[in-house]
Amino acid sequence: MKQEPVGLFEKVFIVWFRDLTSWIWDQGNVLRKTTIAILILGTLNVFLLTGSVKDFFRLKEAAEYDIPSILFAQNEKGKFEPIAEYYKFSRIPVEVASLKKEANPLSTDHRHKLIQCFLSTEDNQFYSHNGIDLRGIARAFVVNILAGKVKEGASTITQQVARLKYLTIERSIARKAREAWLATLLETAYSKDKILEVYLNEIPLGHGTIGVGAAARFYFRKEVQDISWGEAAILASLTTRPTQFSPLTNPITSVNKVRVVFKKLIENGRMSVADAEKEYTHLMDYYATLNRSPNDSAFSDRLNRFPYITEYIRKNLLRTIGKERLYNGGLKIYSTINIKHQEEAEKALLPALHRQSQESNQRAFRNVDAFDDLFGSSYQLLELLYDLPEFKFKISRSERTFSSAYQEEIRDIFTTLNLLVGDDSLGDVLDKNYIQQSPQDHLLSVEGSLISIRPNTGYITAMVGGSGFRSDNQQIRSFQAFRQPGSAFKPILYAAAMDYSGKNPDPEKNVTPATLFADSPLQYLMEDGDEWAPENYSAEYSGFVLLRKALEQSKNSVAVRVLEQIGLSNIMDTLRGLLQLPGRDIPYNFSVSLGSFELTPYELTRAYAALASGGKTVNPISVLYVENQSGEIIKDFRKEFDESDRKQVISPEAAFLITSMMSDVVKDGTGRGALSYGLSRPAYGKTGTTNNFRDAWFVGYTPELVTSVWFGYDVGTISLGRGMTGGRLAAPVWGRFMARSLESEPRAEFTWANDLKIVRRSVCTMSGKLPGSQCRELIEEYFMPQTLPKEVCADHGSQWISTDSTPSVSHRQEKPKTTVTPKEKNHSETKQNQVLPKKKKKKSLFSGDEDIDY
């Protein structure tokens, strides 16, 4: 049989044990030598159980703290300032040397009042023992024997530090032995002040606080240096059982425990009876005015100015640097967030969402007894005739009445009373009921998103992901809400089509801003036999229109004809490049032209950012780099999004053309609402409204910033209400945000537009061709040289002949403006586009947002 080899340690031990046995028995005085051998073996055994060589190398860990990480953002001056903290437990490190001394002539101890309170209650002999207080152990032993229970502990502050830093709270002799061993090592490695400092920064003091710095801020909203004697006594009273002695949870128990602390101060000569009574009386004001929930925690107190972006960055960092490092590493995280932009984003979007919730007024049906009251007897007859199941409610009318009254009135009263009583179980029940309540009895919130990106760098400067970040509303919709973009997808489609025409010119199929398309009804027979008939929202058509005008008025039929003319297969790769959808693909059907597939606001904004950057993809980032406590960069996200990663998806010329077309959308089209807050710089964008007014979009940009705004319900089948279009809801919010956030920034230009192969020609507004002798109305239009129209217009009849042979040219930049109210405009357009009565068709699945009263 093969035997297991004997290790080196076993060989040495066998030889050593054999020599020890020989030493005992080979010579005289066996009893004395046996006793010595037993003591040596016992000491060795104790050391192996309680100590380890590794303990010597772990001593430096005692002075290291788990410190929260700080998230920074840029202010208006370009400097970073903190906007959020990441931690599981709140900790604010305090240095003992920074705590000023007390001027107390009656006491020999002039240390800070906080130190005196902790020494009096925890270890009055701290500065005189060597880590283990033998007299204290003996005293505690006698007190506990007489009391018949554990009434007094014997752990010194040094032992408590050893337990907090290295051990668990397990109650066992082995743990106490290791605690004593580690305490001895700590006393040899650190000064008394340093050990006390570690203790004050490591002791848990309840409600998610670690250390006196965090506790002082949580309980009293003060720094440690500014607390009173009574407040210091409260902190010292929390060391044994923080939950039980918390002034928020059990005020009466806390008061009694604080009395014990003052007695200890008097017994140890650190405070006179008169001073103690005076400070104790002042402290009663704190308890009398204490009006906080017993369920409060330091986590809810943490710095978190912008919850949505804080949560988004947190989730990303967990994947890259890990949970332990993020929460405890004391990292400095420098983000791309612009504080001015973020503040303006919340000011613009959140009130608008709340107002829209009121206007849409999506209240659930509450009169559930109406059917029973009005038709209950009839139902009994129908039940007998048709063998229908019995009609009944799950709960009685009285139960429903009580439930409604409880949620609307009684529950709030109970919550207020519980703030005075401080009952944990009742507080938990009330909190759970608030979270789990059905929204049927309350206003259903309209949700939304606003996200803003720098097109030249990809820096995310602002993001709001909903109507308010709460425990029951933490979805970050900018990245998680997949919704149909509707007409907001048209600029991406048209840009891809014009780019293809520029690279593959064909006079018969070129798509340019001046290409003429028929705005007329369409009908397609699908492979499964169904018919698809995309319609304009108004079900009215304008005949032939130029592509520029079609985008301005958001014509659905023209979008489908553009895709039909250029061919979906010819631009599919370009669309994929603009949208960048890893793991997903674009549906291969004509409904793509109307934004029928789902995108997140972030994905759609990123695609527009590619247009704003001259056709180059943009790689958005939210964090620049992360530093450790020593100031070393441990993660640099800027390197991961280098300029070399950007791809030229469409030509700068195509980007220029679609940008020019979107300018008209903002000035004269469906996006006029974007100018309602006085945006004074050139803006380019597009509205989007999906079927039955379920989603309202506006996505656009200036040279400095690309921003999207989305309104909708989380339940995608609910309508925002008749007339709730992108131009009415989203465009004004977009305009306000852009105007306010950019007001202090200098105007920028599209740097990529300095050297473009673009020509400008006059064309006929009726045909889009080069003007003929009879063309009376012209317009200046931009073209790529290879797509410049070559055909001269000959489409006019005799009605165009005039004594004035000079054609009029309309320059877009100098186009005269007239003041027309929205209603007058719609009325006028309806007259001009009047058609013969026809059978009303069922609305198509996808509708635009033209001809809406904004």
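This is a chat about a predicted model, covering its salt bridges, surface patches, strands and a few backbone angles.

Visitor: Hi! I'm new here. How many salt bridges does the structure hold?

Guide: Welcome! The structure holds 34 salt bridges.

Visitor: Can you walk me through one? What does Arg-163 form a salt bridge with?

Guide: Its partner is Glu-179, and the closest N and O atoms are 3.9 Å apart. Arg-163 belongs to helix 6 (residues 157-166) and Glu-179 to helix 7 (residues 173-189), so the pair ties together parts that are 16 residues apart in sequence.

Visitor: And is Glu-179 buried or exposed?

Guide: Glu-179 counts as buried, because its relative accessibility is 0%.

Visitor: Okay, another one. Which side chain meets Asp-301 in a salt bridge?

Guide: That would be Arg-221, at 2.3 Å from N to O. This pair links distant parts of the chain, 80 residues apart. Asp-301 sits in helix 13 (residues 298-301), while Arg-221 is in the loop between helix 9 (212-220) and helix 10 (229-236).

Visitor: How open is Asp-301 to the outside?

Guide: Asp-301 is partly exposed, with a relative accessible area of 34%.

Visitor: Which residues are linked with Arg-221 in a network of salt bridges?

Guide: The network links Arg-221 with Arg-292, Asp-296 and Asp-301.

Visitor: Anything else to know about Arg-221?

Guide: Yes, its backbone. Phi of Arg-221 is near 55 degrees, a positive value in a residue other than glycine.

Visitor: Why point that out?

Guide: Because most residues other than glycine have a negative phi. Gln-580 is another example, with a positive phi of about 50 degrees although it is not a glycine. You can find Gln-580 in the loop between helix 24 (568-579) and helix 25 (601-612).

Visitor: Back to salt bridges for a second. Where does Lys-769 come in?

Guide: The side chain of Lys-769 meets that of Glu-791 in a salt bridge, at 3.2 Å from N to O. Lys-769 lies in the loop between strand 17 (759-764) and strand 18 (777-783), and Glu-791 in the loop between strand 18 and strand 19 (808-810), so the pair ties together parts 22 residues apart in sequence.

Visitor: Are those two covered up or open?

Guide: Lys-769 is buried, with a relative accessible area of 19%. Glu-791 is partly exposed, at 48%.

Visitor: How does strand 17 relate to strand 18?

Guide: The two run antiparallel and are joined by six bridges. Within that pairing, Arg-760 stands opposite Tyr-782 in strand 18. Strand 18 is mostly covered, with six of its seven residues buried.

Visitor: Let's stay with strands. How many residues of strand 15 are buried?

Guide: In strand 15 (residues 695-701), seven of its seven residues are buried.

Visitor: Which way do they point?

Guide: Asp-695, Trp-697, Val-699 and Tyr-701 point one way, and Ala-696, Phe-698 and Gly-700 point the other way. In a regular strand the side chains alternate between the two faces of the sheet.

Visitor: What does strand 15 pair with?

Guide: Strand 14 (residues 684-689) pairs with strand 15 in the antiparallel sense over six bridges, and Gly-685 stands opposite Gly-700 there. These two strands form a hairpin with five residues between them, and Asn-692 in the turn has a positive phi of about 60 degrees.

Visitor: And strand 16?

Guide: Strand 16 (residues 706-712) also runs antiparallel to strand 15, and seven bridges join them. Asp-695 stands opposite Gly-712 in strand 16. Strand 15 and strand 16 form a hairpin too, with four residues between them.

Visitor: New topic: the surface. Which residues gather in a patch of negative charge?

Guide: Look for Glu-527, Asp-528, Asp-530 and Glu-531. Glu-531 is in strand 10 (residues 531-532) and is exposed, with a relative accessible area of 58%.

Visitor: Which residues form a nonpolar patch?

Guide: Leu-381, Leu-382, Leu-385, Tyr-386 and Leu-388 do, with about 520 Å² of accessible area together.

Visitor: Pick one of them for me to find!

Guide: Try Leu-385, which is found in helix 17 (residues 370-386). Leu-385 is exposed, with a relative accessible area of 60%.

Conventions
Residues numbered from 1 in each chain as written. Predicted model: local features only at pLDDT ≥ 70, side-chain atom pairs only at ≥ 80, totals over all residues. Heavy atoms only, no water. Patch = residues over 30% accessible without salt bridge, like charges linked within 9 Å, V, L, I, M, F, W, Y side chains within 5 Å. Areas by Shrake-Rupley, 256 points an atom, 1.4 Å probe, with all protein chains shown as cover. Salt bridge = Lys/Arg side-chain N within 4 Å of Asp/Glu carboxyl O. Lys, Arg positive; Asp, Glu negative; His and termini not counted. Charge placed at Lys NZ, Arg CZ, Asp CG, Glu CD. Buried < 20%, exposed > 50% of the residue type's maximum accessible area, 1.4 Å probe, protein only. Pairing = 2+ DSSP bridges.
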